[in-house]
Amino acid sequence: MAQTHDHPGERAAPDPIRLLAIRDSPLSVDEVFAAVGDSAAGGTALFVGTVRDHDGGAGVTRLGYSAHPTAEAELRRVAEKVAADFPVRALAAVHRVGDLWVGDLAVVVAVSCPHRAEAFEACRRLIDDLKHRVPIWKHQTFTDGTEEWVGA
């Protein structure tokens, strides 16, 4: 049977951006997943970024994230662009700021679309554009006591 895009659920939702935030409190995968629930979505893609214990061959003990005052506005612009480029039913993105330890959640993004391929592509664009365009900087502390700013 040929696929038709005549059903409203096959198109983007009128207002798909459900949750955008930059927070200094722990992030919740459940909150982000719940935010993108949509009965017309056949695919939901979710990405979780965590603090890892190494970078560039050096051991990492913790990270400190800082955000520019315009970060939330830029996050909204990124989300709006993704929603304009894909048939997004629902979208959510949250990023943590402050001190984080190995294993802590740094970022959680999710996108629901009518089909899985669209959801994967939109989610990948969302996290990639967030990392490249939203002014959030990472301060790494290494196991040997040295420190480094990334993205500043």
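**Charged residues and helix packing in a predicted model**

E118 is buried but takes part in no salt bridge, and the nearest side chain of opposite charge, R89, lies 9.2 Å away. The model examined here is a predicted one. E118 belongs to helix α3. When neighbours within four places in sequence are left aside, the contacts of E118 are with F86, P87 and C113.

The chain as a whole contains 3 helices and 9 strands. Their order along the sequence is β-α-β-β-β-α-β-β-β-α-β-β. Along the principal axes, the C-alpha atoms occupy a box of roughly 60 × 30 × 25 Å. Of the 152 residues in the chain, 45% are buried. Contacts that span the sequence were also counted: of those between residues at least 6 apart, 75% join residues at least 24 apart. The exposed area of the chain is about 8200 Å², and 51% of this area comes from carbon and sulfur atoms. The side chains include 16 positive and 22 negative ones, and the centres of these two sets are 3 Å apart.

Helix α2 covers residues 71-85, 15 residues in total. From the first C-alpha to the last, α2 reaches 21 Å, close to the 21 Å expected at 1.5 Å a residue. The buried residues of α2 are A71, E74, L75, V78, A79, V82 and A83. An α-helix has 3.6 residues a turn, so residues three or four places apart point the same way. The buried residues of α2 pack against four strands and a helix, namely β1 (17-23), β4 (58-67), β5 (90-96), β8 (136-142) and α3 (116-133). R77 is also located in helix α2. R77 counts as partly exposed because its relative accessibility is 41%, a value in the range between the 20% limit for buried residues and the 50% limit for exposed ones. R77 and R52 are 25 residues apart along the chain, and their C-alpha atoms are separated by 28 Å.

A total of 10 salt bridges was counted. One of them joins R133 and E74, with the closest N and O atoms 2.7 Å apart. Since R133 lies in helix α3 and E74 in helix α2, this pair ties together parts that are 59 residues apart in sequence. The two partners are not covered to an equal extent: R133 is partly exposed, with a relative accessible area of 42%, whereas E74 is buried at 12%. E74 thus appears both among the buried residues of α2 and in a salt bridge with R133.

A second salt bridge is formed by D38 and R18, whose closest N and O atoms are 3.2 Å apart. This pair links distant parts of the chain, with D38 in the loop between α1 (29-35) and β2 (43-50) and R18 in strand β1, 20 residues apart. D38 is buried, because its relative accessibility of 19% falls under the cut-off of 20%. R18 is partly exposed, with a relative accessible area of 38%. Residues up to four places away in sequence not being counted, D38 touches R18 and R89. R18, D38 and R89 are linked in a network of salt bridges. R89 is therefore part of this network, and R89 is also the nearest side chain of opposite charge to E118, at 9.2 Å.

A further salt bridge connects the side chains of D99 and R62, at 3.3 Å from N to O. This pair, too, links distant parts of the chain: D99 is in strand β6 (residues 98-101) and R62 is in strand β4, 37 residues apart. Both partners are partly exposed, D99 at 46% relative accessibility and R62 at 24%.

In summary, buried acidic residues appear in two settings in this model. E74 is buried and pairs with R133, and D38 is buried and pairs with R18. E118, in contrast, is buried without a salt bridge.

How values were computed. Residues numbered from 1 in each chain as written. Predicted model: local features only at pLDDT ≥ 70, side-chain atom pairs only at ≥ 80, totals over all residues. Heavy atoms only, no water. Helix = DSSP H or I, 4+ residues; strand = E, 2+ residues; numbered from the N terminus. Expected span 1.5 Å × (residues − 1). Buried < 20%, exposed > 50% of the residue type's maximum accessible area, 1.4 Å probe, protein only. Contact = heavy atoms within 4.5 Å. Salt bridge = Lys/Arg side-chain N within 4 Å of Asp/Glu carboxyl O. Lys, Arg positive; Asp, Glu negative; His and termini not counted. Areas by Shrake-Rupley, 256 points an atom, 1.4 Å probe, with all protein chains shown as cover. Charge placed at Lys NZ, Arg CZ, Asp CG, Glu CD.
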